[in-house]
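Subject: Handing over the structure

Dear colleague,

I am passing this structure on to you, with my notes on what was found in it set out underneath.

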Amino acid sequence: MKVSPEHKQNKGKTGLELAVVDHFASDGMERDVQSLSGGEKFKASLALALGLSDEISAMSGGIKLDSLFIDEGFGSLDRESLEAAIKIIDGLTEGNVLVGIISHVEALKQRIDKKIIISKTRRKGDFLFG
């Protein structure tokens with residue numbers, strides 16, 4: 001990912017205006033992030049979060065970020081991409097990183113050992129933890 005030239009010229013408050021260099025689907029061509037599918041956006045976001053974590057650790061004299069929270073996104077992944085994401089998360093947790101996941105994807109729920117399940121009750125504002 002890189003910052004687009006248009007964003008560098010714009011001094012107003014805008015988003016990051018990132019672009020993705022797609023070596024897989026478009027032979028190294030630059031794509032606007034708005035052109036990514038839901039699954040592609042999720043994978044790019046996960047890669048960016050992991051890369052930024054490594055960079056912060058390297059630039060801050062060894063400070064280690066030891067938690068990551070992922071809110072949804074897994075439902076946009078095909079089976080192969082979901083399996084790859086789970087392997088990455090498994091690898092992180094083996095290195096003593098706490099990974100918090102919010103998801104409704106059944107295949108993911110079955111693979112996660114430690115979890116908090118929250119269910120709505122009929123009364124507004126009540127939740128059951130199980």
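Which residues are linked in a network of salt bridges? Please keep in mind while reading that this is a predicted model, and that the values below were computed from it. The network of salt bridges links Asp22, Arg31 and Glu40. Within it, the side chains of arginine 31 and glutamate 40 meet in a salt bridge, with N and O 3.3 Å apart. The two partners differ in their cover: arginine 31 counts as buried because its relative accessibility is 17%, which falls under the 20% limit, whereas glutamate 40, at 27% relative accessibility, counts as partly exposed.

The count for the structure comes to 5 salt bridges. As background, side chains of opposite charge can pair when their charged atoms come close.

Another of these bridges is formed by the side chains of arginine 111 and glutamate 83, at 3.0 Å from N to O. This pair links distant parts of the chain, since arginine 111 belongs to helix α4 and glutamate 83 to helix α3, with their positions 28 residues apart in sequence. Arginine 111 is partly exposed, at 37% relative accessibility, and glutamate 83 is also classed as partly exposed, at 31%.

Helix α4 holds a further bridge, in which glutamate 106 pairs with lysine 109 and the closest N and O atoms are 3.6 Å apart. Because glutamate 106 and lysine 109 are 3 residues apart in helix α4, about one helical turn separates them. Glutamate 106 has a relative accessible area of 45% and is therefore partly exposed, while lysine 109 counts as partly exposed at 33% relative accessibility.

Turning to the open spaces, the largest pocket has a volume of about 910 Å³. The elements that contribute two or more residues to its lining are α3, β5 (98-102) and α4 (106-111), and of these β5 gives the most, with 5 residues. In total, 23 residues line the largest pocket, and those that lie nearest its centre are Ile101, Ile112, Lys114, Lys115 and Ile116. By character, the lining of the largest pocket divides into 12 nonpolar, 4 polar and 7 charged residues.

On the surface, Leu48, Leu52, Ile56 and Leu65 make a nonpolar patch of about 320 Å². Leucine 48, one of the residues in this patch, lies in helix α2, which covers residues 38-59. Is leucine 48 buried or partly exposed? At 33% relative accessibility, leucine 48 counts as partly exposed, because that value lies between the limits of 20% for buried and 50% for exposed.

A last point concerns isoleucine 88, which lies in helix α3 (residues 79-94). How far apart in space are isoleucine 88 and leucine 50, C-alpha to C-alpha? The two are 9.9 Å apart in space by that reckoning, although 38 residues separate them in sequence. Isoleucine 88 has a relative accessibility of 38% and so counts as partly exposed.

If you would like a place to begin, I suggest looking at the network of Asp22, Arg31 and Glu40, and then at the bridge between arginine 111 and glutamate 83, before going on to the lining of the largest pocket, to which β5 gives the most.

With best wishes

Notes: Residues numbered from 1 in each chain as written. Predicted model: local features only at pLDDT ≥ 70, side-chain atom pairs only at ≥ 80, totals over all residues. Heavy atoms only, no water. Patch = residues over 30% accessible without salt bridge, like charges linked within 9 Å, V, L, I, M, F, W, Y side chains within 5 Å. Areas by Shrake-Rupley, 256 points an atom, 1.4 Å probe, with all protein chains shown as cover. Salt bridge = Lys/Arg side-chain N within 4 Å of Asp/Glu carboxyl O. Helix = DSSP H or I, 4+ residues; strand = E, 2+ residues; numbered from the N terminus. Buried < 20%, exposed > 50% of the residue type's maximum accessible area, 1.4 Å probe, protein only. 1 Å grid on protein atoms, 1.4 Å probe; cavity = no way out; pocket = protein on both sides within 12 Å on 5 of 7 lines; lining within 4 Å. Points joined across faces, edges and corners; volume = space filled by probe spheres on them. Nonpolar A, V, L, I, M, F, W, Y, C, P; charged D, E, K, R; others polar.
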